[in-house]
Amino acid sequence: SDHMENICGYLMKYTNLVTGWQYRYFVLNNDAGLLEYFVNEQSRHLKPRGTLQLAGAVISPSDEDSHTFTVNAASGEQYKLRATDAKERQHWVSRLQICTQHHTEAIGKNNPPLKSRSFSLASQGSANSPGVQRRPSQNAVSFFNVGHHRLPTGKRVPIMQPDHLVDVREMMSQAEGQQRDLIRSIECLPASGHLTSLDQDLLMLKATSMATMNCLNDCFHILQLQHASQQKGSLPAGTTISWLEPKISLANHFKNGAAQNFPAEINKPASVREEQSIAEPCQLTREPEEINPDEELEDICDDKEDDLGAVEEQRSVILHLLSQLKLGMDLTRVVLPTFILEKRSLLEMYADFMSHPDLFIAITNGSSPEERMIRFVEYYLTSFHEGRKGAIAKKPYNPIIGETFHCSWRMPKSNVATDAGTNSSAHSSSEQVTLPKDPEGQAEPDYYTVKFVAEQVSHHPPVSGFYAECVERNMCVNAHVWTKSKFLGMSIGVTMVGEGVLHLLEHGEEYTFSLPCAYARSILTVPWVELGGKVNINCAKTGYSASINFHTKPFYGGKLHRVTGEVKQNMTNTVVCRVQGEWNSVLEFTYSNGETKYVDLTKLSVTRKRVRPLEKQGPFESRRLWQHVTESLRDGDIDKATEHKRALEERQRNEERLRAETETPWCTKYFLKDGDGWVYYKPLWKTVSAAQTQQTDSN
């Protein structure tokens, strides 16, 4: 094929933090399914400096820029590469993807029997290995008498036939039982002494045994799918492929030093059985539900989050987690321990970014485009303190697909800043154009209402959509965010991919903005969170923009949580406002006229959101969905919280598999796909436009 061509050329390869990017000569060998690189073209006849098997690899263009892409091999090795321009990147990515697909499919079609191997883990170590040097008389693995069955000489492993899947299932169940016994044995060891439960070799043994079982589970599922595809024509309607459950998760091994119980289904709490077997997803309508703000009550829930502090007692859990991770690894599918969770969903965290509705509403009251941009920047920077709960190193629940969150705020009109040059009659005349009159002729309330709705619109990748509007002030904001987590060694980085747009309909202005990255630092000592990265806010109509930098702490010295930024007029390149300070403490705004304004975020009043009581919420609304996890965390019962959380996650996985097997697409409830983004199904700008059209027609 013309597309299966061998290509070669120079690309930049990221090596490490010290060396950085370096030019290397890359060769794509389509026949062998290999990507090789050399120091330069002249050394091509020598042994390659590095080689990646492309079968099973994932080729991903990077979100960082239009030149970078990554090659993630099935072995876990990763090449981060950069082409000279977007066209060259596309050329390499397309050829690599074609080669990868060809060799991956070839493996699936050929499916040769695996050669049997026999070895003893106890004899793998050498006299020079660290484990033997520490304990010459006792090997950690031999202590548990891990054995492997040897196949008779000369016998080949038969090619697996479909009717053998039942036998495989039984063997897998036995292997999982042995793996659980191994974990129990390790975790029942004392925390100190000659051989402890925190032994590095044993932690690695736990991680590799778990990874092995997960890999076997995945392979078994592939066999089931192959069998199903072969029999597709003869399968009865409605037949689904069963899955060897449950997959092993970190939650099973949470508590160190105590044997874990794996109770039968009948012994699980009723609430857990309900979470796993609930039939509501099939019965629920995906039609949007209009939430009446009058049904919402001021939130009395005051879940103050204590920081994690020192994590000595959880060190074994964290070490166990770290033993499975590699630098740059995507953490989207990694099950994190429950003790690091906040008592709220990520969707509710997005709502908490709106905890200063007075500053939000005041944006549209600015008398000029310059002032409105500055007010938006002020609101934007003050939102992170309450949204992130300061710098507490905990993470919210990962929303399950279809999860929603609704709330609202009531803000007295007298508390919203206006502009001296803006009179109320001008606003009221604008409102009369777009808003319907009260049919009962009741007096206008003395408060503004800001309504908020969020929905988890995708599971892989995890994308959330959220929308807020203040009808009285003709303004709304629509955003979608894809959270990408990566392991960075002693920290975890979360990139917020996506975009938000603020619509000021009274002025016909749109402000596009992005969100900074978040980092959990010092995860083995006293974890803490900081924000980092550059974000931009732009208004194409007015020509004003803002550039904001969230500074991460330098290696030596420097302040924490620093932020700097400037607002400027793009046409004249004039800076009209500068800002500096800490996003969780005090911000200083300096204007072009020399005036300075200080905002102390710790003293800024927070307006409580209004939420419907649990009994009035739908089964997929965040607080009702996670109520058992939240209650267990409040009670300090981590094991129970873990069990409830695992039940929800297993239900989501089962439903996702069912949709994949039946080729049933997921239908969202409140947000519609729009290009690369998601838009609320009934945004205010459409409502206002329709009302204006209707009024014009009536005139």
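Strand β12, which spans residues 447–458, is mostly covered, with ten of its twelve residues buried. The model in which this strand appears is a predicted one, and β12 offers a convenient place to enter it.

On one side, β12 pairs with strand β11 (residues 404–412) in the antiparallel sense, over nine bridges. Within this pairing, T404 has E455 of β12 as its bridge partner. Strand β12 is also joined to strand β13 (residues 463–470), again running antiparallel, by seven bridges. Here V453 stands opposite Y467 of β13. The connection between β12 and β13 is a hairpin of four residues. Strands of a sheet pair through backbone hydrogen bonds, either parallel or antiparallel.

The pair V453 and Y467 leads on to a residue from a later part of the chain. Y680 is found in strand β26, which covers residues 677–680. Although Y680 and Y467 are 213 residues apart along the chain, their C-alpha atoms are separated by 6.5 Å. When neighbours within four places in sequence are left aside, the contacts of Y680 are V453, Y467, N478, Y670 and F671. Is Y680 buried or exposed? Its relative accessible area is 11%, so Y680 counts as buried, the limit for burial being under 20%.

The wider chain gives a setting for this contact. The protein chain has 699 residues, of which buried residues make up 46%. Its secondary structure comes to 16 helices and 26 strands. Among the contacts between residues at least 6 apart in sequence, 63% join residues at least 24 apart.

Another sheet is built from strands with low numbers. Seven strands form this open sheet in the order β4-β3-β2-β1-β7-β6-β5, with antiparallel pairing. Strands β4 (50–53) and β5 (58–61) stand at the edges with a single partner strand each, so one side of each is left without a neighbour in the sheet. On average, neighbouring strands of this sheet are turned by 35° against each other, direction ignored. One of the pairings is that of β1 (residues 8–14) with β2 (residues 21–29), which run antiparallel and are joined by seven bridges. In this pairing, G9 stands opposite F26 of β2.

The interior also holds enclosed spaces. How many cavities of 30 Å³ or more are there? The count comes to three. The largest cavity has a volume of about 190 Å³. Its lining consists of 14 residues, and F353, Y379, F466, F513 and L515 lie nearest the centre of the cavity. Helix α11 (residues 369–387) provides the largest share of this lining, with five residues. By class, the lining of the largest cavity has 13 nonpolar residues, one polar residue and no charged residues.

The second largest cavity encloses about 40 Å³ of space. The residues that line this second cavity include A479, H480, V481, M496, V497, F513 and L515. Strands β14 (475–487) and β15 (492–504) each supply at least two residues of this lining, and β15 gives the most, with five. The lining of the second largest cavity divides into six nonpolar, four polar and one charged residue. F513 and L515 are thus found in the lining of the largest cavity and also in that of the second largest.

Some features of the backbone deserve attention as well. N474 has a phi near 55°, a positive value in a residue other than glycine. This residue is found in the loop between β13 and β14. N573 likewise has a positive phi of about 55° although it is not a glycine. The place of N573 is in the loop between β20 (562–569) and β21 (574–582). Which of the words buried and exposed applies to N474, and which to N573? With a relative accessibility of 2%, N474 counts as buried, whereas N573 is exposed, with a relative accessible area of 52%.

A positive phi is also found after a helix. Helix α14 covers residues 627–634, and its buried residues are H628, V629, T630, S632 and L633. The helix is followed by G636, whose phi is positive, near 75°.

Key:
Residues numbered from 1 in each chain as written. Predicted model: local features only at pLDDT ≥ 70, side-chain atom pairs only at ≥ 80, totals over all residues. Heavy atoms only, no water. 1 Å grid on protein atoms, 1.4 Å probe; cavity = no way out; pocket = protein on both sides within 12 Å on 5 of 7 lines; lining within 4 Å. Points joined across faces, edges and corners; volume = space filled by probe spheres on them. Nonpolar A, V, L, I, M, F, W, Y, C, P; charged D, E, K, R; others polar. Buried < 20%, exposed > 50% of the residue type's maximum accessible area, 1.4 Å probe, protein only. Pairing = 2+ DSSP bridges. Axes fitted to C-alpha atoms, helices over the stretch in contact; angles between N-to-C directions. Contact = heavy atoms within 4.5 Å.
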